[in-house]
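Reader: Please take one part of this structure and go through it closely. I would like the strand order, the pairing and the surroundings of a residue in it.

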Amino acid sequence: MTAIQPRLELLTYDLIARILDEAFQLMQKPGIKVQSVEAGDLLVKAGATAEGDVVRIPEKIIRKALDTVPAEFHLYDRDGNPKVHYGGNSVHFDPGSSGVHVLDPETLEHKTSYAPDLVRLVKVAEMLPQYDAQSTAIVCNEVPKAIGDLYRLYIVLLFSKKPIVTGSFSLQTLDIMFDMLAIFSGSRKALSDKPQAVFDVCPSPPLIWSDFGAGNLIDLARARIPAELISMPLAGAAAPVTLLGSVVQHAAESLSGIAIHQLANPGAPIVWGGAPAIFDMRHGTTPMGAIETAMIDAAYAQVGKSLNLPTHAYLGASDAKIVDAQAGLESGVSALVGALAGINMISGAGMLDFLACQSPEKLVVDAEGIAMAQRLLAGIEVRTETLATALFEGINFKGDFLKQRITRELFSKEQYLPSGVIDRESIRGWQASGSLDTFARAKIRTDELLAAYKRPDYAPEQVHELQKMVENLAHKTGMDTLPSLE
Amino acid sequence: MNEELFQKMAQSVLDGDSDAAIALAKQAIEAGIDPLEAITQGYVNGVNQVGQSFASGEAFLPELVMAGEAMKAAVSTLEPEMQKRGVKRTMLGKVVLATVEGDIHEIGKSLVGTMLSASGFQVYDLGVDVPASKIIAKVQEVDADIVGLSALLTTTMVKQREVIIELDKLGLRRKVKVMVGGAPVTRDWVQKIEADGTSEDAIGAVGVAKSLVGAA
C-alpha cells in the first residue's frame, strides 16, 4: 500500500495567482534588462517591445513558452541508466557547488581549494547513496580561469559515474563541456537524448539577464542539454525585503529566462531553480541556513509546481565555519524543508560559510540528515496484513517481538540504519569508542569511504580521449602539464 | 557429504530459519550423523559467524536473536538422539540468569540468555523480578558456575549487590562467578560490589562468560 508523501505548502492557491500576476506585471513594468542582443532579438521577434536593453515581455509570450516546456526529464549516469527524475514530487540531493575553500579537517582552516580537494569530495559523494548526483563542487585554484569550469567537469567525469549538476564560466567553454560529456554518451545527439548533466544558469538580481546568462540559456536550449535557472533574490538588498516580494522577483526572472530559452528551442528541458537568501541586517551576509531562506525556496518551488515545472533549490547548507551544532541543525532543518516541499534537486550539502567552503566531512554528516528526510518522505507504510493483532500471536505479555521472523524481515525497511556518524551507543559504549563528537566520527567515516572507493570502470580509450581533450585546452592556456590529482 | 550438510546447518542459523534448522537436524539423525558433530561442526559455526557480524556492525539484533532461536530449535531436535546414544553435549558451564527483584526489564537479560545458550552454556533463565533467595536456591540446586544479574534501574541495581553479599554469607562466592549487566551498570559499580564481569552487549557477555569459566 502506498504511503502518503508528507507535503509542505506555504502558499494558498490565491496567493500563487497573485505572485504570478505581479511577476507578469514586473516583466512589463519595469520590464527585464536583457543584455544579450540575441536574446533581446528573440523576444522582440516574438512580440516584446524593447527600449535600449530593457525588454517589456507580454504575458502571452510567457504562456506560450510554458506550453512547450517539458514537465519532466531524467538525468542519466555514465552507463546510460536514469538516476535523477526532474519532475513531479521526486526529491534528490547533490553536494553544493562552486566553493572556493575547503575545510581542513585537522587545522579547521578554510584553505584555498585545489584539484586534489575536488577529487576527495567527488570520491566521498560517489560512495554515499544519499547523493543521487555529483556537483562540480569547488573551484580548482591552480587551474587558469579560462578552463576552470571544464576542468572541474573533467575531474568529476574521471572519478564519478553519477549525473552531474554543473555550469560554465563562459560561452566558449560550454560547448567544450558538451563534447566532454558526449565522450561517455557516444555522440552529442545521444547526450541530448540521455543527458548526464544539468547546467546552472543565473539571472542577475534584480530582473537582469546578462549577456553571459542569456547566451548560456540559448546555447543550452539549442544543444537540448538541460538548463537549471538559478535566480537569487536577496531579500532586503537585491530584492524586496518581504519573502513574497522575493518570490515574485524570482518568478519574473525565471519566467523571462524560460521565454528566452523556449524561443531559442521550444521543448528544450529547463528547471525552475534558485539560490535565494535573506539579507542579514546585522552583518550584511547572505545566510543560506536561515529558515526564511528555506521558506522562500519552498514558496517559489510551489509556484513552479503550479506551472508544472521541474524544480531545484539551494538548501542543506550552513553558514557555520566548522562542522558544529549550527552546521548540523541548519543543514538538517533546511534539507527537511526542501524535501517536504517536494523539490526535485536540492543542492547545498557539504557547504559552510555562505556556500564559500566545502567539506567532505560535512558531506558525510549531511548524508545522515538527508537519509532521515528521505525516510520521512517514504512515509508510514502498511506492511502487514493486520497492523498489530497477528503480531501479538504467542507474545503472551512478553517483550519477545525480537524473536519474530517478521521483525527480522521488516526492521531494516521500517528503520533507516544510520552509519557510525550518528551516535546511538550507550554512554559506556561511547566512552569505550573514544568519546568522539560528530565531527571526529565524520572524519573516521570519510577515511573509510575514501579507502573503499573505486574508480569508474571506463573503457581506457574514453579516459584517454577525455585526457587528450583537456590537455590540449590546458596547453592553449599556457599550462605545460595538468595539475596532480592526488 | 557431511561437510555440505554442516554448512547448510550453519547457514540455517545465519538465516535465523528455525524450520530449516529443525529439518536439517532430522536429516542428520536419519543419516546417522553424530548429533554432537552436527552441533559443533554445523550449527555452532553459524552462531559464531552471526556473533562476529554483529560485533562488526553488519548484523543487527533481530538476526542475532533469530540465530539463537534457530540454534535452540536444532539442539532440542537433536536432544532425543543424544539421549539414545547416551552422549551429552559438553557444556561450557551452567549459568543462572535473572532480572533482580523489583525490576521487570526482560529484553537485555533474555538476549544474553539466548546468546549464552547458543554458544554452549547451560542457561537457567529465572525471568524477571526475581528475589535474591530464589536466585541463590537455583545456584545451589544446579551447582551453577555463573550467575548473571540484570537491572535496568539505578534503584534496583543495588539488588545485584545484595545477591553477592548473600552468596558470600553462604560461602558460595568462591565457587560461583557473578556477571552483572544493564544500562546503569558501570565498571566502577562492578568493582564496588566486587562482581566478576560485565559487558556492553549480549555478544560481549559470551566472551566474558567464556573467560570466567576458563573457556576463552
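Author: What follows looks at one sheet of chain A, and then briefly at two places outside that sheet. The model is predicted.

The sheet is open and has 3 strands, which come in the order S6-S18-S17 in chain A. Its pairing is parallel. The edges are taken by strand S6 (92-95) and strand S17 (312-314) of chain A. Each of these two has a single partner strand, so one side of each is left without a neighbour in the sheet. On average, and with direction ignored, neighbouring strands of the sheet are turned by 25 degrees against each other.

On one side of the sheet, S6(A) pairs with strand S18 (residues 345-349) of chain A. This pairing runs in the parallel sense and covers 4 bridges. Within it, Asp94(A) is found opposite Ser347(A), a residue of S18(A).

The other edge can be followed through His312(A), which belongs to strand S17 of chain A. Is His312(A) buried or exposed? It has 29 C-beta neighbours inside 10 Å and therefore counts as buried, since the cut-off for a buried residue is 20 or more. Neighbours within four places in sequence left aside, the contacts of His312(A) include Met345(A) and Ser347(A). Ser347(A) is also the residue that Asp94(A) stands opposite. Ile343(A) and Asn344(A) are in contact with His312(A) as well. Further contacts of His312(A) are Glu228(A), Val271(A) and Gly273(A). As for Gly338(A), it is 26 residues from His312(A) along the chain, and their C-alpha atoms are separated by 9.0 Å.

Outside the sheet, chain A also meets chain B. Here 11 residues of chain A are in contact with 13 residues of chain B. On the chain A side, helix H13 (405-414) and helix H14 (427-432) are the elements that give two or more residues. H13(A) gives the most, with 4 residues. By type, the chain A side that touches chain B divides into 2 nonpolar, 4 polar and 5 charged residues.

The last place is in chain B. Lys175(B) sits in the loop between helix H7 (154-169) and strand S4 (177-181) of that chain. Lys175(B) has 13 C-beta neighbours inside 10 Å and so counts as partly exposed. From C-alpha to C-alpha, Lys175(B) and Asp143(B) are 8.9 Å apart in space, while in sequence they are 32 residues apart.

Terms used:
Residues numbered from 1 in each chain as written. Chains lettered and ligands numbered in written order. Predicted model: local features only at pLDDT ≥ 70, side-chain atom pairs only at ≥ 80, totals over all residues. Contact = placed C-beta atoms within 7 Å. Nonpolar A, V, L, I, M, F, W, Y, C, P; charged D, E, K, R; others polar. Pairing = 2+ DSSP bridges. Axes fitted to C-alpha atoms, helices over the stretch in contact; angles between N-to-C directions. Buried ≥ 20, exposed ≤ 12 C-beta atoms within 10 Å, placed from the backbone.
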